[in-house]
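Let's take a walk through this one together, from the overall fold down to individual side chains. Keep the structure open as you read.

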Amino acid sequence: MRWLLVAIAAIAIAGLVGCGEREQIAEGKRSYQGKHDSKPWDNEPLSYGSGKWTKGDRPSWEEQIKTRQLGQHEHKRIYQ
């Protein structure tokens, strides 16, 4: 009987400890150390697939994205 009370007390303590939440404080001011992202149209087009835009030309990149989206649209794709 005593071991049952000890087991129940251990489960209750483990449950209370598991549900505890400690305060989360950000320490110091850290700046981003990684590489900054570039614009998507400044990248080289893929050598495979539908990457047909000119590097650095935003309108041609946007046109290629629109064409790609139309190819993924079920109604447009089925009735072509």
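Helices and strands here are runs assigned by DSSP, with at least four residues for a helix and at least two for a strand, and they are numbered from the N terminus. With that in hand, reading along the protein chain gives the pattern α-α-α. That's three helices and zero strands. Bear in mind that you're looking at a predicted model.

So how far does the predictor trust the chain? The mean pLDDT of the protein chain is 79, and 85% of its residues reach 70 or more. That confidence varies between elements: helix 2 has the highest mean pLDDT, at 85, while helix 3, covering residues 74-78, has the lowest, at 70.

Next, look at how much of the chain is tucked away. Of the 80 residues in the protein chain, buried ones make up 8%. The accessible surface of the chain comes to about 8,200 Å², and carbon and sulfur atoms account for 56% of that.

Start at the N-terminal end with helix 1. This helix has 18 residues and reaches 26 Å from its first C-alpha to its last, close to the 26 Å expected at 1.5 Å a residue. Is helix 1 buried or in the open? The number of buried residues among its 18 is zero, so helix 1 lies largely in the open.

There's a greasy spot at this end of the chain too. Met1, Trp3, Leu4 and Ile8 form a nonpolar patch on the surface, and together they have about 520 Å² of accessible area. Methionine 1 sits in the segment before helix 1, and with a relative accessible area of 71%, methionine 1 is exposed.

Now for the charged pairs. How many salt bridges does the structure hold? There are two. In one of them, the side chains of lysine 55 and glutamate 44 meet at 3.5 Å, N to O. Both residues lie in the loop between helix 1 (2-19) and helix 2 (58-72), so the pair ties together parts that are 11 residues apart in sequence. Lysine 55 counts as partly exposed at 47% relative accessibility, whereas glutamate 44 is exposed, with a relative accessible area of 54%. The cut-off for calling a residue exposed is over 50%, which is why these two get their separate labels.

The other bridge joins glutamate 62 to arginine 58, with their closest N and O atoms 2.9 Å apart. Both of these residues lie in helix 2, four residues apart, about one turn of the helix. Glutamate 62 counts as partly exposed at 30% relative accessibility, and arginine 58 is also partly exposed, with a relative accessible area of 44%.

Stay on helix 2 for a moment, since it also carries some buried polar residues. Serine 60 lies in helix 2 and has a relative accessible area of 18%. Buried means under 20%, so serine 60 makes the cut. What does the side chain of serine 60 reach? It reaches the backbone nitrogen of threonine 54, at 3.2 Å.

Glutamine 64 is found in helix 2 as well. At 10% relative accessibility, glutamine 64 counts as buried. Glutamine 64 and tryptophan 53 are 11 residues apart in sequence, yet their C-alpha atoms are 6.5 Å apart in space.

Conventions
Residues are numbered from 1 along each chain as its sequence is written. Side-chain values use heavy atoms; hydrogens and water are left out. Buried means under 20% relative accessible area, exposed over 50%, partly exposed in between (1.4 Å probe, protein chains only). Accessible areas come from the Shrake-Rupley method with a 1.4 Å probe; for residues, only the protein chains shown count as cover. A salt bridge is a side-chain nitrogen of Lys or Arg within 4 Å of a carboxyl oxygen of Asp or Glu. pLDDT is the predictor's confidence in each residue, from 0 to 100. The expected span of a helix is 1.5 Å times one less than its number of residues. Patches are made of residues with over 30% relative accessible area and no salt bridge: like charges are joined within 9 Å, nonpolar side chains (Val, Leu, Ile, Met, Phe, Trp, Tyr) within 5 Å. A polar contact is a pair of N or O atoms within 3.5 Å; within protein, one must be able to donate a hydrogen and the other to accept it, and residues adjacent in sequence count only if both atoms are side-chain atoms.
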